[in-house]
Number of protein chains: 2
Amino acid sequence: MKWLIIQFLGTSAGTPTRSRGLPSVLVYDGRRYILLDCGEGTQYRLLQVGVSVCRIDIVLITHLHGDHVFGLPGLISSMALLGRVKNLKIFGPVGLLDMLESCIKFLNTLPFKVEIFEIEDFNDTNPKIILAEDDLEISCIKTMHSTTNFAYRLRWYIPLGKFKPEVAKKLNIPTRYWKLLHTGHVVTLEDGRIIRPEDVVELRRRQPLTIVYTGDTAPCENVVEISKDADVLIHEATFSGDEKPEDVWSQGHSRTIDAANIAARANVKMLILTHISARYEGLEDKLLEEARRYFKNTYIAYDLQKFYIEPY
Amino acid sequence: MKWLIIQFLGTSAGTPTRSRGLPSVLVYDGRRYILLDCGEGTQYRLLQVGVSVCRIDIVLITHLHGDHVFGLPGLISSMALLGRVKNLKIFGPVGLLDMLESCIKFLNTLPFKVEIFEIEDFNDTNPKIILAEDDLEISCIKTMHSTTNFAYRLRWYIPLGKFKPEVAKKLNIPTRYWKLLHTGHVVTLEDGRIIRPEDVVELRRRQPLTIVYTGDTAPCENVVEISKDADVLIHEATFSGDEKPEDVWSQGHSRTIDAANIAARANVKMLILTHISARYEGLEDKLLEEARRYFKNTYIAYDLQKFYIEPY
């Protein structure tokens with residue numbers, strides 16, 4: 001992987017503004033297009049950035065509030081009209097299927113298959129793996145919001161550096177484990193020995209490439225847990241640090257400084273704030289300043305902004 | 001009424017294009033804002049034209065295909081977030097309520113009342129009145145489409161000219177009928193006499209101000225019927241006149257020349273074509289030429305284009 005591209009399609013909270021559309025983030029890993037949330041207007045943004053709706057492979061919906069999901073029926077409908085044939089995978093909380101089915105009564109006669117995976121509510125503090133496919137693993141964890149919201153972690157098992165076959169041979173590690181070790185998996189051999197990537201790889205990076213997207217949440221331990229050492233944490237920051245925490249948290253939202261504190265505690269490399277309330281239109285510099293006091297490598301997302309994440 | 005403003009918010013068919021959004025037309029009569037259809041992205045267009053979603057009074061949905069209705073859940077959701085208090089009236093085919101309810105589970109706790117009027121399918125060739133409120137009367141009729149689609153007629157009973165009280169007195173017409181006659185109603189008196197506006201008004205125009213919006217339809221007698229003598233007919237024209245009629249009609253759509261023929265037969269004053277398929281991007285001049293061969297006063301709608309309709 002040369003780089004991972006994260007492009008923000010919509011960065012507002014609740015209602016759109018003149019400059020910010022409803023939440024959606026497009027992630028491209030060189031072979032798959034993944035949408036994180038799908039607010040109304042997402043298909044328009046895709047048109048703008050020149051990515052056909054037919055190229056989307058996976059959609060991850062954090063929760064069922066309208067601003068995060070009302071772009072989905074139209075997206076699917078346009079895919080059908082444009083003759084999509086490949087399957088589409090959609091993950092989200094229970095209720096998603098019902099919502100989509102009543103919008104798209106013709107769901108059964110679509111020219112492609114929509115695989116909807118409803119994630120049962122769970123309170124475990126360990127992330128749950130919902131997809132493992134080649135190099136990509138997607139997990140989720142529940143956050144603190146007024147309705148069930150899942151933060152998603154996307155993890156690419158890319159080569160961590162140069163593999164040292166002579167060392168692997170010396171350690172008697174069967175070749176079938178080499179690729180796993182090379183791409184960041186810890187392996188337990190038949191004889192009980194635990195082998196770590198660093199034992200056989202000249203490390204250029206220490207762990208899989210990882211990004212986390214919170215959706216809506218109050219500052220929350222589960223987000224620290226799922227974001228541990230991530231390359232990028234995309235955290236909601238609906239409000240400024242000037243707001244009273246109890247007012248913000250009770251609504252299931254975060255302030256800029258809450259997100260920055262979470263980023264620092266999770267030891268992430270980069271923090272991107274999104275889901276910015278309309279009241280801060282034009283005041284983004286102030287929000288950024290607040291957050292950077294607690295976590296230096298912070299950015300505030302703008303619509304259509306692209307981040308190129310280099311693995312090495 | 002000084003003039004009626006018709007502003008096109010979205011003019012595409014099925015999927016959005018770079019220049020055309022999904023169908024919606026905003027009508028403003030000086031006191032009410034009325035939306036004709038509400039495709040995805042309508043609330044964004046309202047932001048662009050500077051009309052708050054909270055100011056919309058009535059929404060008329062022609063049919064339940066996604067491109068005409070998927071903007072509605074988000075519109076209602078934004079109204080709620082922006083603190084709307086006044087009632088909203090929505091008219092559309094049966095199934096609308098179910099669709100909206102599954103999208104907006106919190107419909108009951110909205111800070112304003114959404115009055116949803118589902119129009120039962122009917123095959124009468126006479127328009128059916130669905131709203132009569134002060135000077136405004138709205139009727140509908142079924143068109144020919146692949147799902148139940150209603151064309152809507154909006155009729156404003158405005159003064160047709162100068163009222164002649166001396167004539168009304170001479171004819172012994174009770175004063176309670178004067179306003180009705182003045183604004184274009186035909187009145188049957190208790191003694192059986194039928195009085196027409198032209199009997200007591202110095203006519204500057206012959207009938208109420210009338211606009212018709214078809215939604216999706218093949219060329220259809222019911223549209224001629226409901227559009228008779230209208231000031232403006234907004235007719236779908238998904239395809240060019242070059243297409244084979246049977247291919248277009250069997251899909252429940254019209255060609256430019258079909259719409260023009262209907263306009264001519266209905267004797268309307270002005271025809272506006274909308275619901276233009278993406279394949280004609282940049283070819284609008286050709287479409288217009290086709291239609292004008294059959295009906296001279298034809299226009300092709302563009303997104304955000306405004307038409308000022310002067311009653312006199």
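This text walks through a predicted model of two chains, A and B, from their symmetry to their interface and then to one helix.

Start with how the copies are arranged. Two copies of a chain are related by a rotation about an axis and a shift along it. Here the turn is 180° and the shift along the axis is 0.0 Å. With that operation, chain B lies on chain A with an RMSD of 0.0 Å. That is why the relation is that of a two-fold axis. To find the axis in chain B, look for B:Gly41. Its C-alpha sits 2.7 Å from the rotation axis, the closest approach of any residue of chain B. The same surface serves both copies, and 100% of the contact residues of chain B recur in chain A.

Now turn to the interface itself. Chain B brings 30 residues to the contact, and chain A brings 30 residues. The size of an interface is often given as the accessible area lost when the parts come together. Between chain B and chain A, that buried area is about 2,400 Å². Carbon and sulfur atoms give 58% of it. On the chain B side, three residues lose the most area to chain A: B:Glu40, B:Tyr44 and B:Phe70. Together they account for 29% of what that side buries.

What polar links join the chains? There are 11 residue pairs in polar contact between chain B and chain A, counting pairs with both residues at pLDDT 80 or more. The count of salt bridges is 0. Helices α1 (42–49), α3 (72–81) and α4 (96–103) of chain B each supply at least two residues of the side that touches chain A. Helix α3(B) gives the most, with 6 residues. By type, the residues of this side of chain B divide into 12 nonpolar, 14 polar and 4 charged.

Helix α1 deserves its own look. In chain B, its buried residues are B:Thr42, B:Gln43, B:Tyr44, B:Arg45 and B:Leu46. B:Tyr44 has already appeared among the residues that lose the most area to chain A. The cover over the buried residues of α1(B) includes strands β1 (4–10), β2 (24–28), β3 (33–36) and β4 (56–60), along with helix α3, of chain B. Just after the helix, B:Gly50 takes a positive phi of about 80°.

Chain A can be read alongside. In α1(A), A:Thr42, A:Gln43, A:Tyr44, A:Arg45 and A:Leu46 are buried. Their cover includes β1, β2, β3, β4 and α3 of chain A. A:Gly50, just after α1(A), has a positive phi of about 80°.

How values were computed:
Residues are numbered from 1 along each chain as its sequence is written. Chains are lettered from A and ligands numbered from 1 in the order in which they are written. This is a predicted model: local features need pLDDT of at least 70, side-chain atom pairs count only at pLDDT 80 or more; totals for chains, interfaces and linings use all residues. Side-chain values use heavy atoms; hydrogens and water are left out. Buried means under 20% relative accessible area, exposed over 50%, partly exposed in between (1.4 Å probe, protein chains only). Helices (H or I, at least four residues) and strands (E, at least two) are DSSP runs, numbered from the N terminus. Contact means heavy atoms within 4.5 Å. Buried area is the accessible area (1.4 Å probe) that two parts lose on being put together, summed over both. A salt bridge is a side-chain nitrogen of Lys or Arg within 4 Å of a carboxyl oxygen of Asp or Glu. A polar contact is a pair of N or O atoms within 3.5 Å; within protein, one must be able to donate a hydrogen and the other to accept it, and residues adjacent in sequence count only if both atoms are side-chain atoms. Ala, Val, Leu, Ile, Met, Phe, Trp, Tyr, Cys and Pro count as nonpolar, Asp, Glu, Lys and Arg as charged, and the others, Gly among them, as polar. Copies are superposed by least squares on the C-alpha atoms of residues with pLDDT of at least 70 in both.
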